[in-house]
Amino acid sequence: MTQDASHQPYGTPEVPRVAVRGEARIEVDPEIARIGITVSARGTDRRTALEDLTRRNNAALDLIKSYGDPVEKLETGAFSITPELTRHGRAERIRAYHGRVHITAELSDFTTLGELTTRLADLELTQIDGPWWALRPTSPAHGRARRQAVLEAVQRAREYADALGANLAALVELADLGAENAAPFAATPGAGMRTMAFSAAEDAGPPPLDLEPQRQTVYAQVNARFTMTPPQL
């Protein structure tokens, strides 16, 4: 009994196979931007440091929340209050207390982003990091790239078949690259990311900021296997 050609791992002379890889790379405008806000306080006693930190944290949160819908996500991260010991002497004497709160904001309106970033940077002892530009996980750009990768795989397989005087017959397999042995995607350091950091200066007006969105690159790769008619050799 002979096994059907469609189940043979490498095809047969009567039903040969062609295996190709389809790739796509498209550039699109970002959909969201993230900024990191670090609010700091320093006091000679713990209570003073905590009160200043609370006041400044509330001021930053109130400012961010005042922008409404353009702020899609607002999260508070790490909080710390750290004693600073004197450099000399055996006794554990505390010189000052340092407090920090880290906040992350995600915005979809980049005009609002520029204005908010400027106003946050003008707050007392507030540091801004970012922006980090990105696409949403549900962005249509990902589907567009995948469709282009599939079309490129079909075109490449058709060209191989044409070179042999054959035609594509059927699709045997279509798989994401590495689907059988998936590994976490490792992004290139700095890819799709633009960073700036600055702190508020006393008695200085907000600096004018022109935040140009950085275009995002979307990749897609697929492996495809087809059967084809016997070649005309």
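**Entry 1: a helix over a sheet**

I began with helix α3 (residues 140-163), which lies across β1, β6 and β8 and runs at about 145 degrees to β1. My axes are lines fitted to C-alpha atoms, for helices over the stretch in contact, with angles from 0 to 180 degrees between N-to-C directions. Helices (H or I, at least four residues) and strands (E, at least two) are DSSP runs, numbered from the N terminus.

A note on the source: this is a predicted model, where local features need pLDDT of at least 70 and side-chain atom pairs count only at pLDDT 80 or more, while totals for chains, interfaces and linings use all residues. Residues are numbered from 1 along each chain as its sequence is written, and side-chain values use heavy atoms, with hydrogens and water left out.

I then checked the length of α3: its 24 residues reach 35 Å from first C-alpha to last, close to the 34 Å expected at 1.5 Å a residue. That expected span is 1.5 Å times one less than the number of residues.

Which residues of α3 are buried? I found A141, G143, A145, A149, A153, A157 and A161, where buried means under 20% relative accessible area, exposed over 50% and partly exposed in between (1.4 Å probe, protein chains only). These buried residues pack against β1, β6 and β8, with contact taken as heavy atoms within 4.5 Å. After α3 comes G165, with a positive phi near 70 degrees.

**Entry 2: the sheet under α3**

I traced the strand order next: 3 strands make an open sheet, β1-β8-β6, with antiparallel pairing. Here two strands pair if DSSP finds at least two bridges between them. β1 (17-28) and β6 (168-176) are at the edges with a single partner strand each, so one side of each lacks a neighbour in the sheet. From one strand to the next the twist averages 30 degrees.

β1 and β8 (residues 216-228) run antiparallel and are joined by 12 bridges. I looked up two positions along β1: E27 has T217 of β8 as its bridge partner, and E23 stands opposite Q221 in β8.

Which residues make up the covered face of β1? They are V18, V20, G22, A24, I26 and V28, whereas R17, A19, R21, E23, R25 and E27 form the uncovered one. As background, side chains in a regular strand alternate between the two faces of the sheet.

I also looked at V172, which sits in strand β6. V172 is partly exposed, at a relative accessible area of 33%. Its C-alpha is 5.3 Å from that of R225, although the two are 53 residues apart along the chain.

**Entry 3: β2 and its partners**

Is strand β2 (residues 32-43) largely enclosed or open? I count it as largely enclosed by the rest of the structure, because 10 of its 12 residues are buried. β2 pairs with β5 in the antiparallel sense over 7 bridges, and R34 has W132 of β5 as its bridge partner. With strand β4 (residues 94-107), β2 pairs over 11 bridges, again in the antiparallel sense; there, A41 is partnered by G99.

**Entry 4: the aromatic pair**

I searched for aromatic pairs and found 1 in the structure. F110 and W133 are edge-to-face, 5.0 Å centre to centre with 85 degrees between the planes. The pair joins distant parts of the chain, since F110 is in helix α2 (residues 110-121) and W133 is in strand β5 (residues 126-134), 23 residues apart. My criterion: rings of Phe, Tyr and Trp (its six-membered ring) pair if their centres lie within 6.5 Å, and planes under 30 degrees apart are stacked, over 60 edge-to-face and the rest tilted. W133 is buried, with a relative accessible area of 3%.

**Entry 5: the cores**

A nonpolar core here is a set of buried Ala, Val, Leu, Ile, Met, Phe, Trp, Tyr and Cys residues joined through side-chain atoms within 4.5 Å. The largest has 23 residues, and I37, I64, I103 and L120 have the most contacts inside it. At least two of its residues come from each of β2, α1 (46-65), β4, α2 and β5. Leaving aside neighbours within four places in sequence, I64 is in contact with I37, V71, L74, I103, A105, L116 and L120. A second, separate core of 16 residues includes V18, V28, A145 and A224.

**Entry 6: totals**

I closed with the overall picture: 3 helices and 8 strands, in the order β-β-α-β-β-α-β-α-β-β-β from the N terminus. Of the 233 residues, 33% count as buried. Among contacts with a separation of 6 or more, 81% are between residues 24 or more positions apart.
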